[in-house]
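Subject: Structure handover

Hello,

Here is the structure we spoke about, passed on for you to look through. My notes on what was found follow below it.

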Amino acid sequence: MTIKQLIDQAKGILLENNLDSDLAIKLYTSLFKVCDWEIIIKSDSIVTEDNILIYENSIKRLLGGVPIQYIIGDVDFYGYTFLVNKNVLIPRFETEELVEHTIYYIKKHFTYNPTIVDIGTGSGVIGITIKKELPDSAVFLTDISKDALDVAEQNAQRLCVEVTTLQGNMLEPLFESKIDVLISNPPYIKETEIVEEIVKNNEPTIALYGGNDGLKYYKEILANASNYLKTRSLLAFEISESIKDEVVDLAYYYFADAEIIVKKDLQQRDRMLFILNNLD
Ligand SMILES: C[S@@+](CC[C@H](N)C(=O)[O-])C[C@H]1O[C@@H](n2cnc3c(N)ncnc32)[C@H](O)[C@@H]1O
């Protein structure tokens, strides 16, 4: 079978199952590390039996509802390629925006190299990206899941950065009490909320839910953060629009004198909250 025949066959199957037929090409290029143009040039080349098997199995997994990122095993985030697997959340676009704004605030408010902690790091996308962009900062990554931290460590190695990983509940594993920047995309889906099947069936439950009201981890972080933060510090959170008012109230409750800023994502949804604590 030629490359073209294999891909065309897969496109047909995907379409029949109401899936995006472009995934057929994405899957081929990603699995076999080839470029789109190579497929066009080599469209009449014969695919080996082994590769046909690999490809067809991957198409079956897609049809079975597995996200393409878990099948391919990596995702692009902020221009870097991160390994992902079923033990970590698939990084989302809005998290790139959280990282971008946070780097802006760090550059604006810290003249020295800051100490940064990414709480609930998962694949490590937030903390590792910040370390890539601000190589002189000291970055700590924490997660309660050992399996997630394994992925974060592999990503740090892949991307050639030195970060410190710490396993444990929220801030508890931190021994460093001189933190300049705390950033987190904690689990924040309400337990009562209806979640897309593809998310519910594939992504780690521990990465998704933030108690009945979605606020469980914001409360925990905000109540304890001042024990670990310097007087001048920045806190940055991803939030869901549906709990924005409650997270803002919590931020004012624990950081009454701070400047609190909510930012919208590219879709004009309130998705990020920043606490500028004595950062004038
Ligand atoms: C929404 S995911 C975010 C993952 C990653 N930071 C990202 O933005 O793609 C939340 C992460 O928090 C971790 N987590 C859940 N409960 C935790 C806890 N009690 N303490 C520390 N981390 C926790 C999960 O394992 C998961 O990796």
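The side chain of serine 145 comes within 2.9 Å of the backbone nitrogen of alanine 148, counting as a polar contact. This is a predicted model, and the distances here are computed from it. Serine 145 sits in the loop that runs between β4 and α8, the latter covering residues 146-158. Is serine 145 buried or exposed? Serine 145 counts as buried because its relative accessibility is 15%, and the cut-off for buried is under 20%. Its C-alpha atom is 9.5 Å from that of threonine 121, and 24 residues separate the two along the chain.

Threonine 121 leads on to the ligand. A backbone N or O atom of threonine 121 is 3.2 Å from a nitrogen atom of the ligand. Glycine 120 also has a backbone N or O atom by a ligand nitrogen, at 2.9 Å. For methionine 170 the corresponding distance, again from a backbone N or O atom to a nitrogen atom of the ligand, is 2.8 Å. On its own the ligand would expose 590 Å², and 97% of that is buried by the protein.

How many residues surround the ligand? There are 19, and the closest are Gly120, Asp143, Asn169, Met170 and Asn185. Sorted by class, this shell consists of 10 nonpolar residues, eight polar ones and one charged one.

Next, the aromatic side chains. The count of aromatic pairs is 10. One of them joins phenylalanine 77 and phenylalanine 82 in an edge-to-face arrangement, with 6.0 Å between the ring centres and 90 degrees between the planes. Both partners lie under the 20% cut-off for buried: phenylalanine 77 counts as buried because its relative accessibility is 1%, and phenylalanine 82 is buried with a relative accessible area of 0%.

Another edge-to-face pair is made by tyrosine 218 and phenylalanine 237, with centres 5.8 Å apart and planes at 65 degrees. This pair links distant parts of the chain, 19 residues apart: tyrosine 218 belongs to helix α10 (residues 216-224) and phenylalanine 237 to strand β7 (residues 229-238). Tyrosine 218 and phenylalanine 237 are both buried. Separately, Tyr28, Phe32 and Tyr55 make up one aromatic cluster.

Two further loop residues are worth a line each.

Leucine 134 is in the loop between α7 (125-133) and β4 (138-143). Why does leucine 134 count as buried? The reason is its relative accessibility of 13%, set against a limit of under 20%. Which residues does leucine 134 contact, leaving aside neighbours within four places in sequence? They are Ile103, Ile106 and Lys107. The C-alpha atom of leucine 134 is 15 Å from that of leucine 98, a residue 36 positions away along the chain.

Serine 21 is in the loop between α1 (3-16) and α2 (23-31). With a relative accessibility of 16%, serine 21 also counts as buried. Not counting residues up to four places away in sequence, serine 21 touches Lys11, Leu14 and Leu15.

Regards

Technical notes. Residues numbered from 1 in each chain as written. Predicted model: local features only at pLDDT ≥ 70, side-chain atom pairs only at ≥ 80, totals over all residues. Heavy atoms only, no water. Helix = DSSP H or I, 4+ residues; strand = E, 2+ residues; numbered from the N terminus. Buried < 20%, exposed > 50% of the residue type's maximum accessible area, 1.4 Å probe, protein only. Contact = heavy atoms within 4.5 Å. Near = heavy atom within 4 Å. Polar contact = N/O pair within 3.5 Å; in protein donor to acceptor, adjacent residues only side chain to side chain. Areas by Shrake-Rupley, 256 points an atom, 1.4 Å probe, with all protein chains shown as cover. Nonpolar A, V, L, I, M, F, W, Y, C, P; charged D, E, K, R; others polar. Phe/Tyr/Trp six-rings, centres within 6.5 Å; stacked < 30°, edge-to-face > 60°.
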